[in-house]
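Student: I should like to take a close look at a single part of this protein. Please give one connected account of that part and its surroundings.

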Amino acid sequence: MKLLIVVSFVVTPLHVSAQRIQEEVNLNKTPPRIIRACCAFGYDLKIWGIPFISIDQVISIDDLNEHHYMGYKKEGTGTIYSTKGGFIDFGHLRDQLDWTRYLYTLIIDSKGKGEVILPLRNEAGRKTLYLNIPEELNDDDCILLAGKITYDLSLWHEISTWFGASTVPLISEKFSSFSVEDVYSNLLGIHIGMKTLHSEKPFNQAATEIIKSTLDSLGAVKTAKETYDAYNAINNIWYTNKKRIPSAKITLKRDLNVLKSSNPWIVSSYTNSDNEPIVLDVPILNTKGELLTNFYEFTIDLNRKIPMEEIFPNRKNSIINQNDFSVLLDKISQEIQIKEQSVLVEKKEILQK
């Protein structure tokens with residue numbers, strides 16, 4: 001069952017000067033934040049108020065098919081387990097891959113134009129991207145910059161859903177915020193996107209090939225059964241299928257170590273000396289050692305879902321940017337610790353009865 005409605009649009013031709021962009025990208029229409037339906041972490045998950053239906057989005061490598069920029073109904077978008085990269089959510093991966101390409105094209109188009117302002121869709125507030133790309137910024141740095149901005153956008157989605165933002169009104173997505181596969185899948189898609197932009201092949205062909213080679217390097221399991229086995233090993237440890245979506249209690253472990261890199265969560269039964277986890281780094285610096293944040297600002301004019309006065313007591317307005325994410329992550333970490341302590345107290349009281 002799909003959790004989200006897949007949003008699509010017709011691409012209007014816009015020719016880009018970079019030789020490797022052989023297909024066309026529409027810069028006149030900003031992609032939706034969520035392009036494809038993503039997956040809840042786990043399987044056999046029930047939905048509150050809907051009996052006899054459970055969510056099962058486990059797929060195998062044979063289900064992946066070709067990648068298509070901005071989505072295609074035959075793409076595989078479930079989860080696959082890998083011995084060096086943990087659980088991979090292909091809805092997340094493909095979306096960030098495509099956003100990396102879109103933003104790269106925008107960056108190339110913005111060179112030497114001074115400040116370029118891109119209004120983005122609301123997500124716990126009004127989002128805006130400000131670019132200031134010098135004419136001399138080389139192509140490698142443009143690709144790194146696209147990866148960094150894409151990561152910031154994906155990280156904001158995780159942060160905002162913790163505080164109550166949702167794609168479907170009144171349906172909380174907090175149950176999936178910072179689940180153990182989300183950030184790694186996002187960053188993996190960005191790395192694949194950056195590699196794809198370095199390829200001279202057509203984008204979709206290069207993306208499809210690099211996805212396959214990346215899965216091989218991550219030790220992706222070959223069958224759906226192996227992914228089910230990995231889920232079974234951590235049921236009631238990292239997640240539980242005893243609660244119903246959208247209960248936040250479905251997710252038992254969350255990953256907040258995300259500012260500079262992402263470490264995969266590996267199931268213990270798959271851990272051995274041949275399966276060293278592959279850590280992914282967030283693009284931070286360009287090839288000259290300059291901060292990528294020198295060339296853009298991503299701002300959010302927060303709405304009331306986020307307690308602005310509590311988290312930023314000295315702020316005179318409701319606007320934050322990507323440099324404030326660490327403060328928000330600290331707040332989320334504190335809230336998670338409080339929740340975990342309350343769960344332990346509940347379990348202790350039950351055992352004492």
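Is Asp-152 buried or exposed, and what surrounds this residue?

Tutor: The model is a predicted one, and the account below should be read accordingly. Asp-152 belongs to helix α2 and is buried, because its relative accessible area is 4%, where buried means under 20%. Beyond its neighbours within four places in sequence, Asp-152 has contacts with Tyr-296, Phe-298, Gln-322 and Phe-325.

The surroundings begin with the sheet. Four strands make up an open sheet with antiparallel pairing, in the order β5-β6-β10-β11. The edges are taken by β5 and β11 (319-321); each has a single partner strand, so one side of each has no neighbour in the sheet. On average, neighbouring strands of this sheet are turned by 25 degrees against each other, direction ignored.

Between β6 and β10 the antiparallel pairing runs over 7 bridges, and Leu-129 has Phe-298 in β10 as its bridge partner. Phe-298 is also one of the residues in contact with Asp-152. Helix α1 (residues 90-110) packs on the sheet, where it touches β5 and β6, and its direction makes about 50 degrees with that of β6. Helix α2 packs on the sheet as well, touching β5, β6, β10 and β11, with its direction at about 15 degrees to that of β10.

On the other side of β6 in the strand order is β5. Strand β5 (residues 115-120) pairs with β6 (residues 125-132) in the antiparallel sense over 6 bridges, and Leu-120 stands opposite Lys-127 in β6. The hairpin of these two strands has 4 residues between them, and Ala-124 there adopts a positive phi near 60 degrees.

The nonpolar residues complete the picture. In soluble globular proteins, nonpolar side chains tend to be buried together. Here the largest nonpolar core has 89 residues, and those with the most contacts inside it are Leu-129, Trp-156, Ile-159 and Leu-328. Helix α2 (residues 139-162) gives the most to this core, with 11 residues. Leu-129, setting aside residues up to four places away in sequence, touches several residues, among them Leu-103, Leu-106, Val-116, Leu-118, Ile-149, Tyr-296 and Phe-298. Tyr-296 and Phe-298 are thus touched by Leu-129 and are in contact with Asp-152.

For contrast, consider Lys-288, in the loop between β9 (280-281) and β10 (296-302). Lys-288 is exposed, with a relative accessible area of 62%. Its C-alpha is 8.8 Å from that of Asp-141, although the two residues are 147 apart in sequence.

Terms used:
Residues are numbered from 1 along each chain as its sequence is written. This is a predicted model: local features need pLDDT of at least 70, side-chain atom pairs count only at pLDDT 80 or more; totals for chains, interfaces and linings use all residues. Side-chain values use heavy atoms; hydrogens and water are left out. Two strands pair if DSSP finds at least two bridges between them. A nonpolar core is a set of buried Ala, Val, Leu, Ile, Met, Phe, Trp, Tyr and Cys residues joined through side-chain atoms within 4.5 Å. Buried means under 20% relative accessible area, exposed over 50%, partly exposed in between (1.4 Å probe, protein chains only). Contact means heavy atoms within 4.5 Å. Axes are lines fitted to C-alpha atoms, for helices over the stretch in contact, and angles run from 0 to 180 degrees between N-to-C directions.
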